[in-house]
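Ready for some practice in reading a protein model? Keep the viewer open, try each task yourself, and then follow the worked solution step by step.

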Amino acid sequence: MLHFGSVPDPREQHKIDHPFVTIITIALLASLCGLSHWDEIAAWAKHHAEWLGTFLPLADDGSTPSEHTFGRVFARIRHDKFRDAFMKWATALREALPDRHIALDGKALRGAISKASESSCIYLVSAFATANELVLGSVRVKDKSNEIPAIPELLALLDLDGALVTIDAAGTQVANAKQIIAQKGDYLLSLKGNQGTTHSEVAQYLLDSDTMKHDHVEHREKVTEDVGHGREEKRRVFAVPSGDALITSEKWEGLQSVVMVERTRVTATAASTECWFFLSSLPYTEIDRISDAIRRHWWIENKMHWRLDVQFREDESRIHAGHAAENMALLRRFAMNCHQQRTDLKLSLRKKAFQCLLSKDQLITTLLAGNL
């Protein structure tokens, strides 16, 4: 509770029945058990009241918080304070690995919407450290906006020194490139039609037949092939110095290379080829790091978003009052990070959570794995 203990209690002190530390701790413990609804958390707490009372202060009558108490408190906890505590904890948890790849992407909380209002669902932009599969933090996208303004806010909260940041096309903005370089990081930005002139210049140069013949072109290339599930896939990553391909390269702070990924897929019935383009502050000679980061960027979808929806049922959650949806989202990410540290258990996250639900020893071991 070293980091989460700094979150301020939002309640009026003379109206308190249950200590704030108790409410926060029970919610964190219950999230490790895979519980994500206030009634589930309250029922779990009531069932384990005697055990919880051995290390947490309970109400004067020995009772645990009700579902309405959990709902009210988490709706009122300032999300920025809860988020800051989470990010300090996640930063401390992350190991000092030579490979510091951070992927940024957005995700909707599709169930977090009030039917009585006309507001859209809540949308979060998150940072994911792929080397040890940890969620580093999230920022909420403002209502009636998109993820573009949220990206620099999230970047500002992250330690980017020595990190390589990958962002999809929505975040390919001159200002974001400048910010990442200012924070001593590197970037690899997906390039699509939203950067019209830049995209067309890069695509035209890299798809030119003379460039592809490598005649007098400085370049690095990496080719990988995969066979399985009834298909063959060949990926060719091709990088060149940015100055050769982009007339306006100077507007992109720190830009050193432009990259093309050509993917050819062959099945029993069809063959297709697709190309993607990227801007990077890494030199074109670091083709292995560039190629690896492009593939691992999608881990934020496969190893974070998928797990949250399938194993933690995030899209099913109807919690929406106040700040409750964002705070509950952080509880799920807290649980996922802790379970990710349990490398001794070769189980899915859902089964790890079920082990915690069944066994207090497993629950405490998982909690301690999170270095709280």
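**Exercise 1: a hairpin and its neighbours**

Which residue takes a positive phi in the hairpin of β6 and β7, and how many residues lie between the strands?

*Solution.* Before you start, note that this is a predicted model.

Step 1. Go to the hairpin and count: two residues separate β6 from β7.

Step 2. Check the backbone there: histidine 229 has the positive phi, near 55°.

Step 3. Look at how the two strands run. β6 and β7 pair in the antiparallel sense, over nine bridges. As a landmark, threonine 224 stands opposite arginine 235 in β7.

Step 4. Now turn to the other partner, β8. Here β7 pairs in the antiparallel sense over 11 bridges, and glutamate 232 stands opposite valine 266 in β8.

Step 5. Ask how enclosed β7 is. Eight of its 11 residues are buried, so β7 is largely enclosed by the rest of the structure.

**Exercise 2: the whole sheet**

Find the order of the strands in the sheet, and name the edge strands.

*Solution.* Step 1. Recall the general idea: strands of a sheet pair through backbone hydrogen bonds, either parallel or antiparallel.

Step 2. Trace the strands across the sheet. The order is β3-β2-β1-β4-β5-β9-β8-β7-β6, which makes nine strands in an open sheet with mixed pairing.

Step 3. Read off the two ends: β3 (134-140) and β6 (220-228) are the edge strands, each pairing on one side only.

Step 4. From one strand to the next, the twist averages 25°.

Step 5. See what lies on the sheet. Helix α8 (residues 196-206) packs there and touches β5, β7 (231-241), β8 (257-267) and β9 (271-280). The direction of α8 makes about 120° with that of β9.

Step 6. Take one more pair for practice: β1 (residues 101-109) and β2 (residues 122-129) run antiparallel and are joined by eight bridges. In this pair, glycine 106 stands opposite valine 125 in β2.

**Exercise 3: two helices in contact**

Are α1 and α2 roughly parallel or roughly perpendicular to each other?

*Solution.* Step 1. Two packed helices are described by the angle between their axes and the distance between the axes.

Step 2. Take both values. For α1 (residues 20-32) and α2 (residues 38-47), the angle is about 105° and the axes are 10 Å apart.

Step 3. Apply the cut-off: angles of 65 to 115 degrees count as roughly perpendicular. The two helices α1 and α2 are therefore roughly perpendicular.

Step 4. List who makes the contact. From α1 come Ile26, Ala27, Leu29 and Ala30, while α2 brings Ile41, Trp44 and Ala45.

Step 5. Sort these residues by type: seven are nonpolar, none polar and none charged.

**Exercise 4: the two sides of α2**

Which residues of α2 are buried, and which are exposed on the other side?

*Solution.* Step 1. Pick out the buried residues of α2: Trp38, Ile41, Ala42, Trp44 and Ala45.

Step 2. See how they spread around the axis. They cover an arc of only 160°, which puts them on the same side of α2.

Step 3. Turn the helix around: Lys46 and His47 are exposed on the other side of α2.

Step 4. Look for what covers the buried residues of α2. The cover includes α1, α3 (49-52), α4 (67-76), α13, α14 (349-358) and α15 (360-369).

**Exercise 5: buried or exposed?**

Sort isoleucine 287, arginine 313 and lysine 184 into buried, partly exposed or exposed.

*Solution.* Step 1. Use the cut-offs: buried is under 20% relative accessible area, exposed is over 50%, and partly exposed is in between.

Step 2. Isoleucine 287, in helix α11 (residues 287-296), counts as buried because its relative accessibility is 8%. Leaving out residues up to four places away in sequence, isoleucine 287 touches Arg220, Glu221, Lys222, Val237 and Ala239.

Step 3. Arginine 313 counts as partly exposed at 25%. Arginine 313 lies in the loop between α12 (299-310) and α13 (324-340), and has a positive phi near 50°.

Step 4. Lysine 184 counts as exposed at 60%. Lysine 184 sits in the loop between α7 (174-182) and β5 (186-191), with a positive phi of about 70° although it is not a glycine.

Notes:
Residues are numbered from 1 along each chain as its sequence is written. This is a predicted model: local features need pLDDT of at least 70, side-chain atom pairs count only at pLDDT 80 or more; totals for chains, interfaces and linings use all residues. Side-chain values use heavy atoms; hydrogens and water are left out. Helices (H or I, at least four residues) and strands (E, at least two) are DSSP runs, numbered from the N terminus. Buried means under 20% relative accessible area, exposed over 50%, partly exposed in between (1.4 Å probe, protein chains only). Axes are lines fitted to C-alpha atoms, for helices over the stretch in contact, and angles run from 0 to 180 degrees between N-to-C directions. Angles under 35 degrees count as roughly parallel, over 145 as roughly antiparallel, 65 to 115 as roughly perpendicular and the rest as oblique. Contact means heavy atoms within 4.5 Å. Ala, Val, Leu, Ile, Met, Phe, Trp, Tyr, Cys and Pro count as nonpolar, Asp, Glu, Lys and Arg as charged, and the others, Gly among them, as polar. The arc is that of the directions from the helix axis to the C-beta atoms. Two strands pair if DSSP finds at least two bridges between them.
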